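Colleague: I have the sequence and the model open, and I would like to learn how to read some local features with care. Could we take them one at a time, with the general idea before the case?

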Amino acid sequence: MSRVVLSIGSNLGDRMARLQAAVDGLGASVRALSPVYETDAWGGVEQGPFLNAIVVAEDPELDGHGWLRKAQALEQANERVREQKWGPRTLDVDLVCCHEGETEIFSRDEGLTLPHAMAHLRAFVLIPWLAVEPDAVLTVAGQSRPVERLMGELDAAERDGVRLTDLILHLPPELSA
């Protein structure tokens, strides 16, 4: 059984509909959904704010590359265009970390970096993740680190820029029946 933590975000068009489309596209593999947060764009490109959330999913058929293909298919289905690094996006689906059973998957393959190389620096990933997994752990520079501790190492302005919304993601139809 593989388990993945996905960071989803959108800042173009109907942002909430794009996030829900990602959740729906993951179908029965969804195990947990974070609250939805709004954050200012990260990376220095002038653009509108993002809606962000974390999805925890499981699937016995997918490995790290399978999850990457699934994430890219979700982005493509939501008209993601890759024109500018850290530019505006209809949908962004990032693999934060992935486990096969109790074993964390590590990858530095072209196109797949696990765990995500920048997740520990992004409050818009860490805050929603802690909301669904308070004991979450992320490997950074070869060391397993509590996500709560990583949050404490971020600048207060970075943390304060992640604002809880009253928007709610819903489980996919096959799980909510």
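Colleague: With which residues is glutamine 20 in contact, leaving aside its neighbours within four places in sequence?

Modeller: Contact here means heavy atoms within 4.5 Å, and on that reading glutamine 20, leaving aside its neighbours within four places in sequence, touches Ile168, Leu169 and His170. This is a predicted model, in which local features need pLDDT of at least 70 and side-chain atom pairs count only at pLDDT 80 or more, while totals for chains, interfaces and linings use all residues. Residues are numbered from 1 along each chain as its sequence is written, and side-chain values use heavy atoms, with hydrogens and water left out.

Colleague: How many residues apart in sequence are glutamine 20 and isoleucine 168, and what is the C-alpha to C-alpha spacing?

Modeller: They are 148 residues apart in sequence and 9.1 Å apart in space, C-alpha to C-alpha. Glutamine 20 itself sits in helix H1 (residues 15–26), where helices (H or I, at least four residues) and strands (E, at least two) are DSSP runs numbered from the N terminus.

Colleague: Which backbone atom lies 2.7 Å from a polar atom of the side chain of glutamine 20, and is glutamine 20 buried or exposed?

Modeller: A polar contact is a pair of N or O atoms within 3.5 Å; within protein, one must be able to donate a hydrogen and the other to accept it, and residues adjacent in sequence count only if both atoms are side-chain atoms. The partner in this case is the backbone oxygen of histidine 170, 2.7 Å from a polar atom of the glutamine 20 side chain. As for accessibility, buried means under 20% relative accessible area, exposed over 50%, and partly exposed in between (1.4 Å probe, protein chains only); glutamine 20 has 15% relative accessibility and therefore counts as buried.

Colleague: How should I read serine 29, in the loop between H1 and strand E2 (30–33)?

Modeller: The same ideas can be applied in turn. Serine 29 is buried, because its relative accessible area is 9%, and its side chain reaches the backbone oxygen of leucine 26 at 2.7 Å. Leaving aside its neighbours within four places in sequence, serine 29 is in contact with Val56, Ala57, Glu58 and Trp67.

Colleague: At what angle do H1 and helix H2 (residues 64–77) pack?

Modeller: Axes are lines fitted to C-alpha atoms, for helices over the stretch in contact, and angles run from 0 to 180 degrees between N-to-C directions. H1 and H2 pack at about 135 degrees, with their axes 10 Å apart. Angles under 35 degrees count as roughly parallel, over 145 as roughly antiparallel, 65 to 115 as roughly perpendicular and the rest as oblique, so H1 is oblique to H2. The contact is made by Ala21, Ala22, Gly25 and Leu26 of H1, together with Trp67, Lys70 and Leu74 of H2.

Colleague: Which backbone features deserve a look, at proline 115 and at alanine 141?

Modeller: The peptide bond from leucine 114 to proline 115 is cis, with omega near -10 degrees, and proline 115 lies in the loop between strand E8 (112–114) and helix H3 (123–132). Alanine 141, a residue other than glycine, has a positive phi near 50 degrees; it belongs to the loop between strand E9 (137–140) and strand E10 (143–146), and alanine 141 is exposed because its relative accessible area is 81%.

Colleague: How many of the ten residues of H3 are buried?

Modeller: Eight of the ten are buried, and H3 is mostly covered; among the buried residues are Phe124, Ile127 and Trp129.
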